Amino acid sequence: MSIVVDGLEGLRVPEELSARVPAEQRGPGRGRDDVRLLVSRGEAVSHHAFRELPALLRAGDVLVVNTSPTLAAAVDGRLGPEPGGEPVVVHFSTRGDDGRWAVELRSPEPSGSTRPRAGGPAGTVVRLPGGGRLALAGPLTPGSGRLWWARAYGDVPGLLGRYGRPIRYGYTERDQPLSAYQTVFARPSPDGGGSAEMPSAGRPFTAGLVAELAARGVWIAPLSLHTGVASAEAHEPPYPERFEVPAATAALVNAARATGGRVIAVGTTVVRALESAAVAGSAGAGASARAGRGWTDLVVTPARGVRVVDGLLTGLHEPEASHLLMLEAVAGRAALRSAYAAAVRGRYLWHEFGDVHLLLPEEEGHRVRCGSNSG
């Protein structure tokens with residue numbers, strides 16, 4: 001199911017605006033933070049280097065970041081009896097509470113990327129490297145055959161560590177090491193879990209930039225949400241993902257809001273986690289952040305709105321991406337329309353290795369007005 005935000009129907013992102021390699025590989029002396037930063041305050045747009053971020057924030061603001069590590073979630077496999085069989089690439093997405101994994105089977109391309117293929121049927125067995133097996137049980141979502149629950153026979157974290165590689169899509173130029181997909185905030189999970197795809201809004205941050213933010217009085221608060229495999233072609237809405245908001249992060253968010261600081265989510269994953277933890281016991285805007293953990297199926301839309309998030313740092317999403325509904329909930333339709341038109345005109349780069357977009361609330365004197373939920 002494709003979703004197009006009103007006002008972006010005619011927007012087309014030229015193929016050459018896809019970031020094909022990480023920023024640090026685009027020239028001598030470049031680093032991760034050598035990307036551009038588009039800033040929206042309502043319909044007003046300004047253009048910056050990402051290294052200017054500390055000057056755009058204020059003492060007392062809180063940046064909430066996702067510490068989920070990126071997994072080497074793509075593994076080659078074979079269908080059918082030995083020897084031979086149809087080659088497939090298995091994208092390991094999400095581990096369920098019962099030990100099963102949600103997986104996507106894709107067909108390999110000569111370039112090293114993959115293309116979609118039909119999933120299933122139930123009972124299909126995938127042969128994996130090292131003698132492992134994967135048996136498909138049923139679709140993750142009724143009516144959609146892209147992701148399937150599967151029973152893995154063998155140690156999946158060990159399999160990914162030995163044979164896996166980062167998930168890669170066709171707009172990238174070549175395979176990259178797993179280190180290129182880890183953010184400075186990533187921390188190992190005790191159970192070996194992590195994200196199938198990088199929480200990419202945090203990628204441009206460096207240790208030096210984090211230190212400068214701290215020196216300016218900007219707080220950084222962690223949470224985790226393990227992202228699953230995106231719907232790169234069909235642009236389906238997000239499905240349930242595992243998250244945890246620590247009590248210390250919830251307390252820091254609430255303290256900032258009480259003293260006039262702004263809560264800036266670094267990535268759509270952070271918005272989903274924070275807003276999920278704020279749902280219980282809340283009614284309307286102005287709810288408090290709460291500690292929480294478990295699974296979230298929350299889809300943030302303009303109708304639902306946001307309750308504890310004031311701003312968002314995120315990548316640039318394709319016009320059909322469901323993430324844009326969340327951006328509209330944070331900043332309003334007019335702001336989103338203005339920003340994306342400016343990004344295309346300014347030749348900003350899209351996708352996980354591309355440029356970034358900071359949506360800040362409009363200000364009225366010393367009071368912060370949260371993003372509008374309407375156009």
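For sorting residues by class, Ala, Val, Leu, Ile, Met, Phe, Trp, Tyr, Cys and Pro count as nonpolar, Asp, Glu, Lys and Arg as charged, and the others, Gly among them, as polar. With that in hand, the second largest pocket of this predicted model has a lining of four nonpolar, six polar and five charged residues. The space in this pocket comes to about 320 Å³. Its lining counts 15 residues, and S189, S224, H226, E244 and R293 sit closest to the centre. Three strands each put at least two residues into the lining of this pocket, namely β11 (219–226), β12 (241–245) and β14 (292–296). The largest share comes from β12, which gives three residues.

Stepping back to the whole chain, there are 375 residues, and 54% of them are buried. The secondary structure adds up to seven helices and 18 strands. Among contacts with a separation of 6 or more, 72% link residues that are 24 or more positions apart.

Next come the nonpolar cores. The largest one has 43 residues, and V64, V245, V271, L274, Y340 and W350 are those with the most contacts inside it. Plenty of elements feed into this core: at least two residues each come from the strands β3 (62–66), β11, β12 and β13 (263–266), and also from the helices α4 (247–258), α5 (268–277), α6 (323–331) and α7 (333–345). Helix α7 chips in the most, with six residues. A second core, separate from this one, has 32 residues, including W101, L140, W149 and L159. Back in the largest core, V245 is one of the residues with the most contacts inside it. Leaving aside residues up to four places away in sequence, V245 touches L223, A250, A273, L274, A277, R290, A291 and G292.

The model also has closed spaces. Two cavities of 30 Å³ or more turn up in the structure. The largest holds about 80 Å³ of space. Of the 14 residues in its lining, S200, R203, P204, E352 and G354 are the closest to the centre. Sorted by class, the lining of the largest cavity has six nonpolar, four polar and four charged residues. The second largest cavity has a volume of about 50 Å³. Around this second cavity are A74, V89, H91, G112, T114, R165, P166, I167, R168 and D175. That lining splits into four nonpolar, three polar and three charged residues.

Now for some strand pairing. Strand β1 (residues 36–41) runs antiparallel to strand β2 (residues 44–49), and six bridges join the two. One facing pair here is L37 with H48, the latter in β2. Together β1 and β2 make a hairpin with two residues between the strands, and G42 in the turn shows a positive phi of about 65°. Strand β1 has another partner in β16 (residues 356–360), which runs parallel to it and is joined to it by five bridges. Within that pairing, V39 has L358 of β16 as its bridge partner. In a regular strand, side chains alternate between the two faces of the sheet.

The loop between α7 and β16 holds a couple of residues with unusual backbone angles. Most residues other than glycine have a negative phi. R347 goes the other way, with a positive phi of about 60° although it is not a glycine. H351 does so too, being a residue other than glycine with a positive phi near 80°. R347 lies in the loop between α7 and β16, and H351 is placed in that loop as well. How buried or exposed are they? R347 has a relative accessible area of 43%, so it counts as partly exposed. H351 has a relative accessible area of 17%, which is under 20%, so it counts as buried.

Finally, S18 is found in the segment before β1. With a relative accessible area of 12%, which is under the 20% cut-off, S18 counts as buried. Setting aside residues up to four places away in sequence, S18 touches Y171, W350 and H351. Two of these partners have already come up: W350 is among the residues with the most contacts inside the largest nonpolar core, and H351 has the positive phi near 80°.

Key: Residues numbered from 1 in each chain as written. Predicted model: local features only at pLDDT ≥ 70, side-chain atom pairs only at ≥ 80, totals over all residues. Heavy atoms only, no water. 1 Å grid on protein atoms, 1.4 Å probe; cavity = no way out; pocket = protein on both sides within 12 Å on 5 of 7 lines; lining within 4 Å. Points joined across faces, edges and corners; volume = space filled by probe spheres on them. Helix = DSSP H or I, 4+ residues; strand = E, 2+ residues; numbered from the N terminus. Core = buried A, V, L, I, M, F, W, Y, C linked by side-chain atoms within 4.5 Å. Buried < 20%, exposed > 50% of the residue type's maximum accessible area, 1.4 Å probe, protein only. Contact = heavy atoms within 4.5 Å. Pairing = 2+ DSSP bridges.
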